[in-house]
Amino acid sequence: MARPIVGIIGNQYMINDQYPTHAGGTMNSEAVSDVSGCLPMVIPSDPRLVTVEELLETCDGFVLTGGRPNVHPEEYGEEWTEAHGQPDRNRDAITLPLVRACVARGQPFLGICRGFQEVNVAMGGTLYPEIRDLPGRMNHRMPPDGTLEEKFALRHKVTLTEGGVFHRLFGATEVLTNTLHGQGVKTPGARIVIEGHAPDGTPEALHVRDAPGFTLAVQWHPEWNAANDPVSRPLFAAFGQAVHAWAAKGPEGLRAAS
């Protein structure tokens with residue numbers, strides 16, 4: 001039997017400063033294939049090339065990946081400044097309506113870093129342009145130097161809501177994670193439930209209240225060492241179970257649920 005398809009949201013990159021590409025980190029594909037048990041497919045996140053409707057019909061679930069560009073602040077009612085960093089309006093045009101459609105349909109997605117922020121914005125929330133500039137906040141950005149192992153090393157604890165979705169998933173109210181982000185949630189969107197916080201209060205784990213499907217998102221990067229990490233593995237495994245369940249419905253199941 002063919003594996004369910006997980007669409008991995010790609011990011012725009014320039015190779016050698018002149019060749020444009022859509023790319024997704026290898027570790028995302030490995031986590032989806034090896035831990036979630038699904039077929040990874042990198043999506044060119046550009047509305048000139050794909051539509052949300054096509055993606056919903058083609059893929060069984062989605063990974064909203066991290067990425068260097070940020071959600072444009074106009075998407076949450078603020079004007080762009082240099083502090084907001086480089087945006088990606090093409091990705092915004094795909095992922096934000098995709099999140100809302102998945103929430104409504106019950107189609108599973110897993111949000112990671114920028115994807116975590118996208119879920120919040122899609123549901124009406126706002127973002128801080130730079131966490132490290134806020135009083136009392138730590139620097140959550142990726143270390144500028146070192147090996148990949150050093151950049152993705154576990155750096156801080158995340159405290160989870162007792163009895164919540166993430167507590168039940170991880171079997172603990174405190175987990176250790178990496179951190180490689182500059183922006184963060186300012187105000188939660190409608191139905192956004194924040195269930196995890198860094199020691200400085202920065203939101204780190206969320207889901208959408210009363211959504212019929214899997215809507216978990218985290219601010220850290222669980223795709224790193226996903227097969228072995230005690231936090232990453234159950235997260236990708238649970239996502240994979242949700243994707244397999246969605247794929248098993250088939251056309252008849254989808255019509256019955258609509």
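**Salt bridges, helix packing and loops in a predicted model**

Biologist: At 1% relative accessibility, is aspartate 92 buried or exposed?

Modeller: In this predicted model, the relative accessibility of aspartate 92 is 1%. The cut-off for burial is a value under 20%. Because 1% falls within that limit, aspartate 92 counts as buried.

Biologist: Which side chain meets that of aspartate 92 in a salt bridge at 3.5 Å, N to O?

Modeller: The partner is 3 residues away from aspartate 92 in helix α3 (residues 89-105), so about one helical turn separates the two. At 36% relative accessibility, this partner is partly exposed, whereas aspartate 92 is buried. The side chain that meets aspartate 92 is that of arginine 89.

Biologist: Which residues are linked in a network of salt bridges?

Modeller: A search of the whole structure finds 12 salt bridges. The pair formed by arginine 89 and aspartate 92 is one of them, and both residues also belong to a network. The linked residues are Glu74, Glu75, Arg89, Arg91, Asp92, Arg114 and Glu118.

Biologist: At about what angle do α3 and α4 pack?

Modeller: α3 passes α4 in a right-handed crossing. The contact is made by Arg91, Asp92, Thr95, Leu96, Val99 and Arg100 of α3, together with Arg114, Gly115, Glu118, Val119, Val121 and Ala122 of α4. The axes are 9 Å apart, and the packing angle is about 65°.

Biologist: How many residues apart are glutamate 130 and arginine 141?

Modeller: The side chains of glutamate 130 and arginine 141 meet in a salt bridge at 2.9 Å, N to O. Both residues lie in the loop between β7 (126-128) and α5 (148-151). Glutamate 130 is buried, with a relative accessible area of 10%, while arginine 141 is partly exposed at 32%. Along the chain, glutamate 130 and arginine 141 are 11 residues apart.

Biologist: Which strands hold glutamate 174 and lysine 157?

Modeller: A salt bridge joins the side chains of glutamate 174 and lysine 157 at 3.5 Å, N to O. The two residues are 17 residues apart in sequence, one in each of two strands, so the pair ties together separate parts of the chain. Glutamate 174 is partly exposed at 43%, and lysine 157 is partly exposed at 44%. Glutamate 174 and lysine 157 lie, respectively, in strands β9 (residues 174-177) and β8 (residues 156-160).

Biologist: What does the count of disulfides come to?

Modeller: A disulfide requires a pair of cysteine sulfur atoms within 2.5 Å. By this rule the count of disulfides is 0. For cysteine 59, the nearest cysteine sulfur is that of cysteine 102, 9.3 Å away; for cysteine 113 the nearest is again that of cysteine 102, 19 Å away. The count of disulfides is therefore 0.

Biologist: Which sign does phi of cysteine 113 have, positive or negative?

Modeller: Most residues other than glycine have a negative phi. Cysteine 113 lies in the loop between β6 (109-112) and α4 (114-122), and is buried at 6% relative accessibility. Its phi is near 55°, and the sign is positive.

Biologist: Is aspartate 210 buried or exposed?

Modeller: Phi of aspartate 210 is near 60°, a positive value in a residue other than glycine. Aspartate 210 is placed in the loop between β12 (203-208) and β13 (217-218). The cut-off for exposure is over 50%. Because its relative accessibility is 69%, aspartate 210 counts as exposed.

Biologist: Which residues does glycine 66 touch, not counting residues up to four places away in sequence?

Modeller: Glycine 66 is located in the loop between β5 (61-64) and α3, and counts as buried at 14% relative accessibility. Its C-alpha atom is separated by 8.8 Å from that of histidine 181, which is 115 residues apart from glycine 66 along the chain. The residues that glycine 66 touches are Asn11, Arg91, Ile112, Cys113, Arg114 and His221.

Biologist: Over which residues is the pLDDT below 50?

Modeller: The protein chain averages a pLDDT of 92, and 97% of the residues score at least 70. One stretch scores below 50, and beyond near neighbours in sequence this stretch has 2 contacts in the model. The stretch with pLDDT below 50 is residues 251-258.

Notes. Residues are numbered from 1 along each chain as its sequence is written. This is a predicted model: local features need pLDDT of at least 70, side-chain atom pairs count only at pLDDT 80 or more; totals for chains, interfaces and linings use all residues. Side-chain values use heavy atoms; hydrogens and water are left out. pLDDT is the predictor's confidence in each residue, from 0 to 100. Contact means heavy atoms within 4.5 Å. Buried means under 20% relative accessible area, exposed over 50%, partly exposed in between (1.4 Å probe, protein chains only). A salt bridge is a side-chain nitrogen of Lys or Arg within 4 Å of a carboxyl oxygen of Asp or Glu. Helices (H or I, at least four residues) and strands (E, at least two) are DSSP runs, numbered from the N terminus. Axes are lines fitted to C-alpha atoms, for helices over the stretch in contact, and angles run from 0 to 180 degrees between N-to-C directions. A crossing is left-handed if the near helix is turned anticlockwise from the far one by less than a right angle, and right-handed if clockwise.
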